[in-house]
Amino acid sequence: MAKNPSYVTRTKHGIYYFQIAVPRHLNSKKTIIRKSLRTRCRRDALAQARQWWINMTKNNFEWEDQAQLDDNLYRQGKGVAQRMTDWGISEADEFEFRDFIENLSDLELRAYAFYDDNRHPNKTNDNNPKPNHTNDDITQKITNSLDALYRQSRGIKHSSKKLSVLLKQYAQSQKGKVAPKTLSGRVTAAERLIMFAGDIEADQLNSEIITEKYINRRDLLPNGIHQKSIYHECKKPKINRLTGEIELNAQGKPVLEPVYKPTEKIIEIGKSTEGTTYNGAKRVYTEFTECSHFIGWCSQNGYAEIGLKELLGGARKKPTEKNTTIYSETELQLIFESESYQQGLLMKNPHFHWLPLISLYHGNRLGEITMLYLDNLCQVEWTEGESTKKIWVFDIENNANRKQQVKNSRSVRLLPVHQVLIDLGLIEYRNHLMSTGEERLFPAEKPNKNGNWGDKTSRWFNNDHNNNKSGIGFAESCGCKKFETLKGTSLKKVFHSLRSNFITRSRRLRLDEELCRELTGHTLGKRMDVHNISYDEGSEIHTRHKEINKLHYDIDVTKIQKFST
């Protein structure tokens, strides 16, 4: 391809420019003249640039004669106006006029605006009056039309609203569709976006703002800004994210929440404060994931530019490292052969006694068992030949009426009860509760305001076994390390580690990997009606039951005190 003349350049966006150095002997104030040719077509750019070059040399490198430019612009604008007349389009018909304007090139729009401003500005014909537009009027019309076209190309259908207003609408629209805890996390993530990007109009949100102001700077935000007053300007009554009402404490007074200092100031304070900690890659990844739901909702409903959700998706590279690890066999012995288990000291709080054992032998999430009712621990029956088979199972279900919410569709499953739990008296415990009129398996556990189950047990096991805010959980009080450094990374041991222990132990014992994934809710297994089990389904449950009972640890379970009334 032939090279462009020295006076024609092209930007990285493909737009051609006319650029020329002014000779020094002319003593001009300008050293370089650079004007956009407003085209991506090389042929058109060269033709226009050559004409400009000729005019420049004729006029001693002064820009084109303004009169000639005005004349050319007026004639082109007159041609546009004649086209409107030929097509029967009137400026009074806003819809047709806007449609016509949107299809003009930038040069034609400028030409028509110039022509409209200069055609007989002081004359009116009483017999055939014409609207007397000013240049500002027609420019505004054109600007509005171009703006509408630009918004439409970005997928924006509605008038702009602030992000905070849309966040309230989003929370209301998702209420009942997703778990309260999940929705709360998504709203919190969106609030972080607003903190970094500002409470701007949604149609102003674009890839540059999200990338430069939020994604690239999110890891600079210190931990604990909600609790530490050095990051606060003042406090205000807290508005519930889901109900939109002011939250009240037990005394009926408004709960207060902080008003944060500007984000740049918070980052600056964090850098200058000794001991400041920051979120890890996994937490930031999770936040981007949660925030993308709000952004996607805004785009889907025509308030924000399309494609921004995918932008966050590209930024949220999931870290490969973990932040938790499993308990060693020795540590499991320290926990489950401890004095508390041997002497049955935890029986006064049955959820503390049973939930760690159930999670260790079944690999369940804490909330899945905590939320169960007594009839969720039941026997399934099926006929095999002339005999009736029975197996005890946990029926983990999604039941909004009971506030039972699972993580996803794979979490709904029938989980056979391990024989160790049956030998330790779990069924007797269940029958005892039933005889006393209780409905739930662990009555002391309640869902928190976000619908999350198991807070009491999690706090007791991880951070506060004696309810004095010591920071020492039950596992640590038994002699387990709370943190362990592996390959230079500090990993934490928590209640959820028991689920990881189940998965790791299953692999070491070479249990059926796919079946174990079904038992832990990682893979979608066959859906079954606990009250109507067919022969094939009964056989599958029997297979699960045999497989889960192959699981064992180096724990002397005979030392654990059995339940007795």
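In the predicted model, E381 has a relative accessibility of 42% and is classed as partly exposed. The side chain of E381 takes part in a salt bridge with K390, with an N to O distance of 3.6 Å. K390 is likewise assigned to the partly exposed class, at 47% relative accessibility. Both values lie between the limits of 20% and 50%, and therefore neither partner of this pair is counted as buried or as exposed.

This pair belongs to a set of salt bridges that numbers 14 over the whole structure. A further pair joins K493 to E484, whose closest N and O atoms are 2.7 Å apart. Here the lysine is the buried partner: K493 has a relative accessible area of 5%, whereas E484 reaches 27% and is partly exposed. In the pair formed by K550 and E547, the side chains meet at 3.3 Å, N to O. The assignment of the two partners is reversed in this case, since K550 is partly exposed at 45% relative accessibility and E547 is buried at 9%. Salt bridges also occur in a linked arrangement, in which E329, R505 and D554 form a network.

Charged residues outside salt bridges were considered next. A positive patch on the surface is made up of K181, K282, K407, R410, R507 and R517. Of these residues, K181 is located in helix α7, which spans residues 180–197. The relative accessibility of K181 is 47%, and the residue is thus partly exposed; because patch members need over 30% relative accessible area, K181 satisfies the accessibility condition for inclusion.

Helix α7 also contains P180. P180 is partly exposed, with a relative accessibility of 23%. The C-alpha atom of P180 is separated by 4.8 Å from that of N450, although the two residues are 270 positions apart along the chain. A second pair of residues distant in sequence involves helix α20, which covers residues 497–508 and includes T504. The C-alpha atoms of T504 and G363 are 10.0 Å apart, with a separation of 141 residues along the chain. T504 is partly exposed, and its relative accessible area is 22%. The values for P180 and T504 are both above the 20% limit below which a residue is counted as buried, and so neither is placed in that class.

The cysteines were examined for covalent links. The structure holds 0 disulfides. For C480, the closest cysteine sulfur is that of C478, at a distance of 6.2 Å. A disulfide requires two cysteine sulfur atoms within 2.5 Å, and the sulfur of C480 is therefore too far from its closest counterpart for a bond. C480 is buried, with 4% relative accessibility. Another cysteine, C378, is also buried and has a relative accessible area of 10%.

Definitions and conventions: Residues are numbered from 1 along each chain as its sequence is written. This is a predicted model: local features need pLDDT of at least 70, side-chain atom pairs count only at pLDDT 80 or more; totals for chains, interfaces and linings use all residues. Side-chain values use heavy atoms; hydrogens and water are left out. Patches are made of residues with over 30% relative accessible area and no salt bridge: like charges are joined within 9 Å, nonpolar side chains (Val, Leu, Ile, Met, Phe, Trp, Tyr) within 5 Å. Accessible areas come from the Shrake-Rupley method with a 1.4 Å probe; for residues, only the protein chains shown count as cover. A salt bridge is a side-chain nitrogen of Lys or Arg within 4 Å of a carboxyl oxygen of Asp or Glu. Lys and Arg count as positive and Asp and Glu as negative; His and the chain ends are not counted. The place of a charge is taken as NZ of Lys, CZ of Arg, CG of Asp or CD of Glu. Helices (H or I, at least four residues) and strands (E, at least two) are DSSP runs, numbered from the N terminus. Buried means under 20% relative accessible area, exposed over 50%, partly exposed in between (1.4 Å probe, protein chains only).
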